Amino acid sequence: MLLNVDEELAQDYQNELFEAKRRKESNARLKNGTISEEERDVYEELLTQAEIQGNINKINRIIAIGQINEAIDQGNPEKTLETLLLPTAKLQDVRPVNARHYQDVLHHAKAQKCKESQDESALLWLDEIQKGISDGNNNIKEAAILAVGTSVINKSLEKGDSQPILMILQSKFGLRLIPECAETYFRKLSEAKNLKAIEDSNESPWIKLVMKNMYDYYYNVETEEGTCDAPKGVVPKTSWLSGEEIQSIVGQVTADYNREQLWLANENLIVQLQARAKGFLVRKNYRERKAYLQSQEPSAIKIQAFWKGYKQRKSYVDRLKVLQGNVAAIVKIQSWVKMWLAKRSYRKRLQYFKDHNNEIVKIQAFLRANKAREDYRTLIGAENPPLTVLRKFAYLLDQSDLDFQEELEVTRLREEVVTKIRSNQQLEKDLNLMDIKIGLLVKNRITLQDVVLHSKKLNKKSKSQLEEMVMVDKQGIKGLSKERRKKLEAYQHLFYLLQTNPTYLAKLIFQMPQNKSTKFMDTVIFTLYNYASNQREEYLLLKLFKTALEEEINSKVDQIQDIVTGNPTVIKMVVSFNRGARGQNTLRQLLAPVVKEIMEDKSLIINTSPVDVYKSWVNQLEMQTGEASKLPYDVTTEQALTHTEVVSKLESSIQSLRAVTDKVLTTIFSSLNMMPYGMRYIAKVLKSSLHEKFPDATEDELLKIVGNLLYYRYMNPAIVAPDGFDIIDITAGGQIHPDQRRNLGCVAKVLQHAASNKLFEGESEHLSSMNTYLSQTYQKFRNFFQAACDVPEPEEKFNIDEYSDMVTLSKPVIYISIEEIINTHSLLLEHQDAIATEPNDLLNELLEGLGPVPDVESFLGEGAVDPNDPNRASTLNQLAKTEISLSLTSKYELREGEDQDLKSLMIKTKRLIVDVIRTQPGDTLLEILETPATTQQESEHLKLAEKRAILDSKTPEKMKRSQSIFEDGQLPLEQKKRKIQRNFRMLEQAGLVSSATKYQEIINEIAKDIRNQRRYRHHRKAELVKLQQTLNALNSKTAFYEEQINYYNTYIKTCLDNLTRKNSRRSIKVDGKEEVKGSKKVKQTSLKYTAARLHEKGVILEIEDLQTNQFKNVMFDITPGEEVGDFEIKAKFLGVEMEKVQLHFQDLLQMQYEGVAVMKMFDKAKVNVNLLIFLLNKKFYGK
């Protein structure tokens, strides 16, 4: 059924429905053009009821809109309301009471639209009409609220009630109010209302409001009725305040209050503004007055001059009359006043000085210090410092008691450090041997007696080694005869030359086989340089390393990679030294924190081996299920990677590995300054030497070689095995867990690849995901290696030059064993032609003076060892290991009467000049030398010489200077000056000084000595601290070794206790000898075998120059010695004893441990080591 159908609109309905049906048919044809007539749906072409109703409603709305616009044009509110209420218009919220306002609003809206579109026939559309209705409703609602508020406020004002005013203004008017102004609001509103009040009792109750500044609204304050139609015959109230007036008054009060607060907040600015305004006015008046006076300047000057002249003349005449009348009194008064003023000024100045005594002292001290600083800056900064400045600082060259004490302390600590290092090295070797022996004992390869014997020796050595080293030094070598003393001094000269001239040792290293040179390095070379225990020796050792490295690169390196693959001797020396006792503490500080962090992380498990990850996964599955896994246990890497679980665990390990590696990298990169200077300097030398030999090599190639030294050789082993390099503390018997060692190994592997820029390929293809990380890390390593090579030269670092040995207090001392002295002498003679090629070489002269190589007994002298001592060989062997101290000196130091050594002559001359200028002043050196000294100056010089003699008498022997220097210091002042002049002539002939410059060259050298003396004292204090730290670290290491010895002793005691319980018939003494019940010795029987029998057993392989069929004629007699493990083997041919040898069972076990399968006996017979051990075990130990 169709609704709202108007018969009058039938034609409009027809047209609209016709158009709608035509559109629908057209759309249906487009949609169904490809289907047959039978498949067509007729309803797709016909209008539905809803569509018909929609089109009817559309026509009705269009008609309704036209009717509404027509009613609006007529201006009849009732007609307009009627059209708005048409059901076909479907307008919302149309209120009949607002008909007048609808008419006004819609009429205004239509007029506005016509104006904007410039079309008088423009119509309002449905949404515009609905908006007008809504606006009208809102306007009336707002007007009603405002009217109520206006009514309430006016009523309150009439009642004089101020309480509701603030609330009404906020709620009804929506104004932003200030609570502090509530009374002001009420007062102002009351005043305004009183002004409007009129005496008219017939005033209507209606008030009028204007909506939107154009529509009127009327409100009855009594009935509270509102309308838009003006009430007929009614005049609105005029005695009440309107809403606009209320808003204006309230706004004005708020603005006044805000302005008042603004003024108060900016009072200072307002005062300044006023001041500027007043100043402007005053300056304006001043300029006007000044302009007037300037215009009248000639007249003003005349008036002023006339008046001043008059006053001055009058005053002068009056004063002159008074003075002329009182001349005597005036003179007396003047004398008293002058005296009083002078006294007052003096007392005032004196009191001022007393009141500011401290300040005056400070000022004087500041001025003096400033002058001293200026003089010192001149001394160290000026190219040619004046003699007057040099004289002020000459006292700095004197040695004080503190200098001697510090020097003695350094010497003592250095001796203790070197001795401790050697002691620890020997302890470490003995402990390693003890490890081997206990390991062999566990394997039942040696007897318990052998282990106990070595343990006894170890304990003895650890407790008394230092005492043994000192005894001979006190009683033997230092107390020898004059002849042997002379030989000892010759060795001191030899070792001084070797120490200060690195060329000899560098050549000697390359002349020896590599295995022999390594032992030579570990003993003699590091001993010769006292393990670099002070700056001088570290400087000299670095010079040796540099010389040897350059020699090796020039002579042995043909390709740049030979440095990496060839394992150069010098590189091993450098790394060994810097990882030794001195560099170990540095490695520990550098790596210990991060290594401990990795090891203490119990949850960290890094495994980058796919096969190991796979096996671990299979084991985990079997443990969880309790059933045997069907997966194969032995797989290849490729097969393991086919399992997603393995790949997942591998990726997790890679992520953990990267995180841990970043921590290690951060530690390494942030601790560049902690790396030993020696390592960095050798890296610099290595890089520059390779670049010099291979100029075409790229920077990357050179830095990879540097990285191989700094990381792979120096740091990497300490990361892989921190327990082996004292990076971490391991208790006796403790060890690192395999998971911890694998974690560290994985980190070291990644760092090694990154440092050499080597990617994971081939067998490590499964780690290729880290290749980008490796490349990025290599760039960081590259920058690190470049920065590591940026170090100063040793001369600058240690402040050492050719005169350093001349100005130091003590002579250099080394601590070396007699055996090492003899071995070094032997090696030098053996390779003399290669290392000292020139006939007049200093080394040749020294070796010639030493003569042939002595043995231990001849070195010590006759009577050192009792010839009847049964243990004579053992005693000599023990004495050979005794250490002695050698005070190194140069044989070619200048002596009395010699003038060839110009350097020493220069030093002596400088000492004489210092003595002279300290007691005799002068502007130039020539002036001092030519001016005779006064008696007082001679006296002062004598006191200085006596003081020096007393100090020299207290100086230890090691620190005393040569006799010639001492004698020069005791000469009178004038003789010193004459000697200086003679020395000047010799130095000038050599071109070292010049009289034309007034000998300024030697003054500059003295200034340099003063600077160096200060630096030397500073370095000595630093060396004291460094030596003490090193000694503490060595003591800690010794304590660890002693703990290890105690652990071994406990283990051996347990073995002894067990053996005692198991074997009641046999007891074992701690010294290794056996006892049988009844304390009767058991005589050991000897074994006799023919060579043929031993050949059958495989013990003897062959005998040189003897056929196998003759082996039956050779008899071997094996007899146990007195010491357990010692055997004496005699060889007889046809019953005739030929040779005999002493065989130590422990030596056989050591050879077996080192993998030596065949040994030579009697220099002819080749013996199978393993079978010989088996034979001895079977026959003598019952195994």
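**View 1. Asn 757 sits in the loop that joins helix H28 (738-755) to helix H29 (771-788).** Helices here are DSSP runs of H or I with at least four residues, strands are runs of E with at least two, and both are numbered from the N terminus. Asn 757 is not a glycine, yet its phi is positive, at about 55°. Most residues other than glycine have a negative phi. With a relative accessible area of 30%, Asn 757 is partly exposed; buried means under 20% relative accessible area, exposed means over 50%, and partly exposed lies in between (1.4 Å probe, protein chains only).

A word on what you are looking at: this is a predicted model, in which local features need pLDDT of at least 70 and side-chain atom pairs count only at pLDDT 80 or more, while totals for chains, interfaces and linings use all residues. Residues are numbered from 1 along each chain as its sequence is written, and side-chain values use heavy atoms, with hydrogens and water left out.

**View 2. Lys 998 is another loop residue with a positive phi, this time near 60°.** Look for Lys 998 in the loop between helix H41 (973-989) and helix H42 (1000-1062). Its relative accessibility is 45%, so Lys 998 counts as partly exposed.

**View 3. The whole chain, for orientation, has 45 helices and 14 strands.** Of its 1183 residues, 40% are buried. Among contacts (heavy atoms within 4.5 Å) with a separation of 6 or more, 71% are between residues 24 or more positions apart. The chain exposes about 68100 Å², and carbon and sulfur atoms supply 51% of that area. Accessible areas come from the Shrake-Rupley method with a 1.4 Å probe, and for residues only the protein chains shown count as cover.

**View 4. Helices H19 (residues 535-556) and H21 (residues 569-578) cross at roughly 155°, with their axes coming within 8 Å.** Two packed helices are described by the angle between their axes and the distance between the axes. The axes are lines fitted to C-alpha atoms, for helices over the stretch in contact, and angles run from 0 to 180 degrees between N-to-C directions. H19 and H21 are therefore roughly antiparallel to each other; angles over 145 degrees count as roughly antiparallel, under 35 as roughly parallel, 65 to 115 as roughly perpendicular, and the rest as oblique. The crossing of H19 past H21 is left-handed, a term used if the near helix is turned anticlockwise from the far one by less than a right angle, with right-handed used if it is turned clockwise. On the H19 side, the contact is made by Leu 541, Phe 545, Ala 548, Leu 549 and Glu 552, and on the H21 side by Thr 569, Val 570, Ile 571, Met 573, Val 574 and Phe 577. These residues divide into 9 nonpolar, 1 polar and 1 charged. Here Ala, Val, Leu, Ile, Met, Phe, Trp, Tyr, Cys and Pro count as nonpolar, Asp, Glu, Lys and Arg as charged, and the others, Gly among them, as polar.

**View 5. Helices H7 (residues 182-196) and H8 (residues 243-265) cross at roughly 140°, and their axes come within 10 Å.** H7 and H8 are therefore oblique to each other, and their crossing is right-handed. From H7, Thr 184, Tyr 185, Lys 188, Leu 189, Ala 192 and Lys 196 meet Glu 245, Ile 246, Ile 249, Val 250, Val 253 and Thr 254 of H8. This contact draws on 7 nonpolar, 2 polar and 3 charged residues.

**View 6. Helices H3 (residues 77-84) and H4 (residues 99-117) have axes that come within 8 Å and cross at roughly 90°.** The two helices, H3 and H4, are therefore roughly perpendicular to each other. Pro 77, Thr 80, Leu 81 and Leu 84 of H3 meet Ala 99, Arg 100, Tyr 102, Gln 103 and Leu 106 of H4. By class, there are 6 nonpolar, 2 polar and 1 charged residues in this contact.

**View 7. Thr 661 belongs to helix H25 (residues 644-670).** Thr 661 counts as buried, at 1% relative accessibility. Leaving aside residues up to four places away in sequence, Thr 661 touches Val 747, Val 750, Leu 751 and Tyr 773.

**View 8. Lys 486 lies in helix H16 (residues 482-500).** Lys 486 is exposed, with a relative accessible area of 62%. Its C-alpha atom is 9.7 Å from that of Leu 850, although the two residues are 364 residues apart along the chain.
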